[in-house]
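Biologist: I should like to discuss the strand pairing and the ligand surroundings of this protein. Please show me the sequence and the structure.

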Amino acid sequence: MADLFLDIAERDAASAIDAIKRRVSVRTYADHPIEEDKKQRIAAALDSPHQGPFGNRVRFDLLDLSESEKTEIKTFGTYGFISGARMYIVSAVRCGHGAMEDVGYCFEKVILAATTLGLGTCWLGGTFKRANFARRIGVSEDEVVPAVSPLGHARNKRSAREKAIRRLARSDTRKPWEELFFDGSIGVPLSKDAAGKYATPLECVRLGPSASNNQPWRVIREEECRAFHFCLKRTWGYDRAFKSIDLQRIDMGIAMCHFELAARETGITGAWELKTPHPQFGDAEYVASWTER
Ligand SMILES: Cc1cc2nc3c(=O)[nH]c(=O)nc-3n(C[C@H](O)[C@H](O)[C@H](O)COP(=O)(O)O)c2cc1C
């Protein structure tokens, strides 16, 4: 199975950790188009099949609106939130167990690869017209479009609207370590020092994007079996906001992507598995575990 990040970024020997640190949502795009070779590299990588850790196939399409009229672009519902973008990456997946996590995991690899190519992106899970994007990429009856992202060069200055959106979502802040990472059980914080070689993969989880910047991921280390359990601490109402689309499970897939890429880059080998019975961590929903191999 192809690796979306490597497919796009390997030629430049790009660092995923560096991309994770540099990535930021871009909502204001410059006029100049994406260079043809970059467009080709992204299109070629998106074309091959992609599978997340839960085994779901995620499909991507590159939508080019450069020839479209302003009135048509407005029908995609991103107008007002995103300005100036002419290209969009659109995801599609069949509903099933772990489908949302797999979209988060696969799509974030694309986002990070685009970052290494100097291109701007912005996860959109809510502020777009799902049905219109779905129609344009021809989704089948059992597929959904969980998220899309504009793709292009960032304009030098953010629009006033973009600044307001960032302020509203408190996009420039992240929760501290002690609220996110735990040792053995929730409530026992895992310090950076105690995390040792896992400090960087965990920091990369912390820096990740999430819907409304809610940062729902919680990670619990189980030292004796060198496992990290990934759990979801729900923000009230977020599981029902968009019918079959669970934005916070997409957030979890993004966290898994960051952790895995950073672990790989720092020389740690391991794999994702589903522990049964699921370990219980209060009201946080169990998602998956990373085990060192
Ligand atoms: C799953 C997901 C869905 C999102 N949906 C939207 C959206 O609909 N509209 C929007 O403007 N931003 C959306 N965002 C972007 C977040 O607001 C942004 O990632 C967060 O505020 C952190 O800012 P940063 O990406 O610049 O680090 C989404 C992010 C994620 C991960």
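Biologist: In which sense do strand β2 (residues 57-64) and β3 pair?

Modeller: This is a predicted model, in which local features need pLDDT of at least 70, side-chain atom pairs count only at pLDDT 80 or more, and totals for chains, interfaces and linings use all residues. Residues are numbered from 1 along each chain as its sequence is written. Strands are DSSP runs (E, at least two residues) numbered from the N terminus, and two of them pair if DSSP finds at least two bridges between them. Seven bridges join β2 and β3, with phenylalanine 60 opposite serine 91 in β3, and the sense is antiparallel.

Biologist: Which residue stands opposite valine 90?

Modeller: β3 also pairs with strand β6 (residues 148-152), antiparallel and over four bridges. The partner of valine 90 in β6 is valine 148.

Biologist: How many of the eight residues of strand β3 are buried?

Modeller: A residue is buried if 20 or more other C-beta atoms, placed from the backbone, lie within 10 Å of its own. Strand β3 (residues 87-94) is largely enclosed by the rest of the structure, because its buried residues number seven of the eight.

Biologist: Between which domains does the ligand shell lie?

Modeller: The shell holds 22 residues, each with its C-beta atom, placed from the backbone, within 6 Å of the ligand. Trp123 and Pro209 are among the closest. Domain bounds come from an automatic or database domain assignment. Both domains give residues to the shell, so it lies between domain 1 (4-162) and domain 2 (177-292).

Technical notes
Buried ≥ 20, exposed ≤ 12 C-beta atoms within 10 Å, placed from the backbone.
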